[in-house]
Amino acid sequence: MESIFFLGFNLYAWITIATVLSMFSILLFTKIRADMVFLGAIAILFVTGVLDAKEAFSGFSSTSVVIIGVLFVVVAGLTHTGVLQWIVKHLLGQPKTYSKTVVRLMLPVAALSSFLSNTTVVTLFVGIVKMWSKKLGISPSKLLIPLSYASGMGGVCTLIGTPPNLIISGLYADSTGTTMNVLATTIPGLFCLFVGILSIIALRKLLPDRKAPDSAFESTSDYTVEMLVPSDNKHIGQTISEAGLAEVRGGRLIELIHYDTVISPVAADEPVMGGDRLVYAGQVDEILDLRKSHGLVNADHHVFSMSEIEKNRQFHTAYVTFGSSLIGTSISDSSLEKDNNMVLVAVARSGQRIEQSPREVKLQAGDTLLLECPAKVKVNTEALSSQLQFFDSAQVPHIGRKTILSTTIMTAMVVLSALGVIPLLQCAFLAAFAMLLTRCCTTDQAMKAINWDILMVFAGSVVLGLAIQKTGIAERLAFGILDVCGTNPIVVMTAICLVGTFITEFISNTAAGAMFFPIMYEAAEKLGYEPYTFLIALMISVSSSFATPIGSPTHMLVYGPGGYRFSDFMRIGLLMNLIILAANILIVNIVYPLTPLH
């Protein structure tokens, strides 16, 4: 089989190419879970004989993948002891200009993202930025894209800040036997961050000035109406369903108040009694027709007010995530409300409330949902995370002695690893054990913090890179790039980084890093240079995705809260991609001059 060649590739190479292209197509155009796609790719490469058993499952024992898994526990300790909240509280302040605002926001976010999960940092900061922007009189859309960009640029400043850095450094160690320092990317990363902040300030007119989606929900009296059942109403004694009061033209019954008892959601068999207050959500003008059709009257005052939420109810704001199965459907088509004991009150899109019955709205990615449920009901936001992103229900941990303790553990891990006293893997295990021993997080919290889906993607990415290298695809592509770009190492490095930056706009940066590692490594060796400098540049480029909201999970987190459109990221992001690429190539070659192979 290996001897059969077509266009320079053998059969195993073509199987690998077909697998890679199929995998990326599935990730782009379907809603199948990424971990299942990568697992399927591993299975195909193993069953077809492209990889043997040891190679096919090498990703699960990869040092870099193990480090990522252990770091989830370390991050859990920092999160549950309030380190992030303390930093937010003391660093943002009250800047006077937009330039100072961007600096005060991006620097701490980048610093945190150098050591913590980018998504964890952004999730915390989104809510803070929304409140902060209102206080400063700035549209959140002017700050949320810089927030997401800062987390990405900060992540590349250390090897543990973003998964591609760990994957590429791990593959480099496997290939050469030399371990990269945990701070290998710090100086280039900081330079690119500095250039990025200046670019955001200079290009701020390209940032959209969108109305915050939450502003559509500041007063629920604009879209809910309360009706009273008079004592002589003909429907008294009937159930809500029998009276036809549940689903009405233009809206839906979301609460029923029997004297002082609030019932929500309202069951179909709930009896109608004189004096009941019925609260509807939807198109107010159509709902008011109930006065004529069902003999209801206006209540003497409105029940809801977002500025004065009563003790018997709570509101939650959530955003429809990219890849959510809710996209293209209406809430009435799903069991979301019933399964989670909540009611959809309203839907906003691009900062404007949609003027139709909320349960009938065909949802889109980034739509803002206002959900209401009884105060005693705790929404399981983790279980819903694949569908909705909640920003207003996170518990704020107590800040105290353990806050300092967890920070000390994290700092010690980085310092000992950077100085070469203890290897990074052992440091990570010691830090995780210390977090558990000092009760900075419990074993349950640690286990819940480990994202097994993400680890599967990381392991699959390593195996994918191995297949590309083993089948000779990397070598062929490297020669192809050299044929086009010549033998100038800077030109070749720039070309591969440019393609890597483009590819990572559409696929996971981890997958991009694993895919381009063998190509960059082979190209460097063919040119007669040590691959180290080339790989540092690659680390930064595969994490520099600024032009599409699907290019990074953090972009998806800010897409809804910012009221953004898909094109908003492209307007500023394409320029940012080119600016950071130029800064990357410049600084990497200054800090790590090209070294010929001996």
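Helices here are DSSP runs of H or I with at least four residues, strands are E runs of at least two, and both are numbered from the N terminus. This is a predicted model, in which local features need pLDDT of at least 70 and side-chain atom pairs count only at pLDDT 80 or more, while totals for chains, interfaces and linings use all residues. Residues are numbered from 1 along each chain as its sequence is written, and side-chain values use heavy atoms, with hydrogens and water left out.

First, confidence. pLDDT is the predictor's confidence in each residue, from 0 to 100. The chain averages 81, and 87% of the residues score at least 70. Among the elements, helix α10 (residues 186-202) has the highest mean, 95, and strand β1 (residues 5-6) the lowest, 58. Over residues 301-311 the pLDDT stays under 50, and the model has 28 contacts beyond four places in sequence for that stretch. Contact means heavy atoms within 4.5 Å.

Now a couple of helices, with the expected span taken as 1.5 Å times one less than the number of residues.

| Helix | Residues | Length | First to last C-alpha | Expected span |
|---|---|---|---|---|
| α15 | 401-418 | 18 residues | 26 Å | 26 Å |
| α18 | 452-470 | 19 residues | 27 Å | 27 Å |

Glycine 472 follows α18 with a positive phi, near 85 degrees. α15 is followed by glycine 420, again with a positive phi, near 75 degrees.

Which residues of α15 are buried? They are Thr403, Ser406, Ile409, Met410, Met413, Val414, Ser417 and Ala418. Buried means under 20% relative accessible area, exposed over 50%, and partly exposed in between, using a 1.4 Å probe and protein chains only. These residues sit on the same side of α15, because they cover an arc of only 160 degrees around the axis; the arc is that of the directions from the helix axis to the C-beta atoms. Arg401 and Ile404 are exposed on the other side of α15.

Met413 turns up again in the largest nonpolar core, as one of the residues with the most contacts inside it. Such a core is a set of buried Ala, Val, Leu, Ile, Met, Phe, Trp, Tyr and Cys residues joined through side-chain atoms within 4.5 Å. This one has 130 residues, and helix α21 (residues 509-527) gives the most to it, with twelve. Another core, of 18 residues, lies apart from it and includes Leu336, Val361, Leu363 and Leu371. Tyr149 is also among the best-connected residues of the largest core. Leaving aside neighbours within four places in sequence, tyrosine 149 is in contact with Ile200, Phe546, His555, Phe569, Ile572, Gly573 and Met576.

On to aromatics. Rings of Phe, Tyr and Trp (its six-membered ring) pair if their centres lie within 6.5 Å, with planes under 30 degrees apart counted as stacked, over 60 as edge-to-face and the rest as tilted. By this rule there are seven aromatic pairs. Phenylalanine 46 and phenylalanine 57 count as edge-to-face because their ring centres are 5.7 Å apart and their planes lie at 65 degrees. Phenylalanine 46 lies in helix α2 (residues 34-47) and phenylalanine 57 in the loop between α3 (53-56) and α4 (63-80), so the pair ties together parts that are eleven residues apart in sequence. Phenylalanine 46 is partly exposed at 35%, as is phenylalanine 57 at 41%. Tyrosine 532 and tyrosine 592 also pair edge-to-face, at 5.3 Å centre to centre and 65 degrees between the planes. Both of these tyrosines are buried.
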